[in-house]
Amino acid sequence: MFSLDGQTALVTGGSQGIGRATALVLARLGADVAVMARSLDKCETVAEEIRQTGRRGLAVKGDISSQVEVKAAVEKVAAELGPIGILVNNAAVTRDGLLLRMKLDDWQSVIDTNLTGVFLLTQQVLPMMTKARRGRIINLTSVVAQSGNIGQVNYISAKSGIIGFTKAVAREYASRNITVNAVSPGFIETPMTAVLNEAARNAMLEQIPLKRPGSDFDVANTVAFLASDEAGYITGQVINVNGGMYM
Ligand SMILES: NC(=O)c1ccc[n+]([C@@H]2O[C@H](COP(=O)([O-])OP(=O)(O)OC[C@H]3O[C@@H](n4cnc5c(N)ncnc54)[C@H](OP(=O)(O)O)[C@@H]3O)[C@@H](O)[C@H]2O)c1
């Protein structure tokens with residue numbers, strides 16, 4: 001198994017779901033890990049779980065759509081845990097609705113968090129990685145960015161933007177030994193999907209050749225691999241973790 005000893009990671013949206021699982025896997029592999037979300041209490045709980053693995057864990061409160069809060073959060077992580085070498089842009093929200101009924105605020109707030117937040121974090125962390133001449137950026141996109149879906153034009157536009165962003169930054173920073181990849185989950189059991197009703201859940205399951213929803217750790221293990229030295233020749237890619245839902 002690969003090792004992340006000596007690395008510092010920042011996981012946005014690390015307070016629950018895929019972000020929490022990712023933070024724990026990175027810590028088990030040896031990284032010190034900071035988790036960032038708007039709810040400090042939940043981040044504190046995960047930071048304590050990280051410390052139980054023997055690594056340093058840090059809870060950071062902040063809204064990724066705010067440039068001021070992102071700057072403060074990244075500075076806090078660097079001051080307490082050291083320069084960030086692994087950035088997992090995981091935090092996201094949904095505000096689903098059909099296009100004709102979608103309010104401008106439903107569009108804008110999802111773009112601000114899910115896409116602009118990724119830009120703000122990446123821009124803030126890249127100078128540390130450039131200086132270290134090593135970096136791993138892993139951005140969470142979604143199967144629906146590849147397949148389309150009804151009622152999610154805001155979310156899908158942001159998640160498709162992340163795929164383009166990933167490829168652009170991968171090319172821009174490859175010469176500095178910084179890799180940038182996207183992980184694209186399918187239907188994963190987390191608080192985000194717990195709100196789906198029985199019919200929507202069954203419709204999703206029917207589309208999955210492996211005949212089960214994914215777990216947060218299915219995704220976390222892939223993110224952790226991309227953070228490792230062993231994944232050093234992979235950049236600008238979209239890695240699907242979807243049980244075959246989209247091939
Ligand atoms: N679950 C799935 O089936 C699935 C499928 C495809 C893709 N994904 C993607 O995988 C990632 C994780 O999904 P998940 O299901 O684990 O989501 P989740 O359970 O809803 O967790 C979202 C996390 O993001 C944080 N967050 C939301 N808005 C934020 C903001 N403005 N600033 C800082 N933190 C914020 C939340 O904490 P606070 O609310 O406290 O801020 C929470 O920690 C997302 O990018 C999602 O789009 C998930």
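Biologist: What makes the pairing of the backbone oxygen of R95 with the side chain of N154 a polar contact?

Modeller: The distance, to begin with. In this predicted model, the backbone oxygen of R95 lies 2.8 Å from a polar atom of the N154 side chain. The cut-off for a pair of N or O atoms is 3.5 Å, so 2.8 Å passes.

Biologist: And where does N154 sit, and what else is it in contact with?

Modeller: N154 belongs to helix α6, residues 153–173. Leaving out neighbours within four places in sequence, N154 is in contact with R95, M102, D106, W107, V110 and I111.

Biologist: Why is N154 called buried?

Modeller: Buried means under 20% relative accessible area. N154 has 0%, so the label fits.

Biologist: Now R55. Why is R55 called partly exposed?

Modeller: The partly exposed class runs between the 20% limit for buried and the 50% limit for exposed. R55 has a relative accessible area of 27%, so it lands in that class. R55 is in the loop between α2 and β3.

Biologist: How do you know how far R55 and A31 are apart in space and in sequence?

Modeller: C-alpha to C-alpha, they are 6.7 Å apart in space, with their positions 24 residues apart in sequence. R55 also touches A31, along with A27, G30, D32 and I50, once residues up to four places away in sequence are set aside.

Biologist: What makes the R55 and D32 side chains a polar contact?

Modeller: Their distance is 3.4 Å. The limit is 3.5 Å, so the pair counts. The D32 side chain has another partner to mention: one of its polar atoms lies 2.9 Å from the backbone nitrogen of R56.

Biologist: Why is D32 called buried?

Modeller: Its relative accessible area is 9%, which is under 20%, so D32 is buried. D32 sits in strand β2 and touches, among others, Q7, T8, A9 and L81.

Biologist: What makes β3 and β9 edge strands?

Modeller: Take the order of the 7-strand open sheet, β3-β2-β1-β4-β5-β6-β9, with parallel pairing. β3 (57–61) and β9 (238–241) each have a single partner strand, so one side of each has no neighbour in the sheet. From one strand to the next, the twist averages 20 degrees.

Biologist: How do you know that β5 and β6 pair?

Modeller: Two strands pair if there are at least two bridges between them. β5 (residues 135–140) and β6 (residues 178–185) have 6 and run parallel, so they pair. Along them, N139 in β5 stands opposite A182 in β6.

Biologist: Which strands does helix α2 lie across, and which does helix α3 touch?

Modeller: Helix α2 (residues 40–52) lies across β2 and β3, at about 170 degrees to β3. Helix α3 (residues 67–81) packs on the sheet and touches β1, β2 and β3, making about 160 degrees with β3.

Biologist: On to the ligand. What makes T190 a polar partner of the ligand?

Modeller: An N or O atom of the T190 side chain is 2.4 Å from a ligand oxygen. That is within 3.5 Å, so it qualifies. Ligand oxygens also lie 2.9 Å from a polar side-chain atom of Q16 and 2.8 Å from a polar backbone atom of I188.

Biologist: How much of the ligand's accessible area does the protein cover?

Modeller: On its own the ligand has 890 Å² of accessible area, and the protein covers 93% of that. Of the 29 residues around the ligand, S15, R38, N90, Y155 and T190 come nearest.

Technical notes:
Residues numbered from 1 in each chain as written. Predicted model: local features only at pLDDT ≥ 70, side-chain atom pairs only at ≥ 80, totals over all residues. Heavy atoms only, no water. Helix = DSSP H or I, 4+ residues; strand = E, 2+ residues; numbered from the N terminus. Axes fitted to C-alpha atoms, helices over the stretch in contact; angles between N-to-C directions. Contact = heavy atoms within 4.5 Å. Near = heavy atom within 4 Å. Polar contact = N/O pair within 3.5 Å; in protein donor to acceptor, adjacent residues only side chain to side chain. Areas by Shrake-Rupley, 256 points an atom, 1.4 Å probe, with all protein chains shown as cover. Buried < 20%, exposed > 50% of the residue type's maximum accessible area, 1.4 Å probe, protein only.
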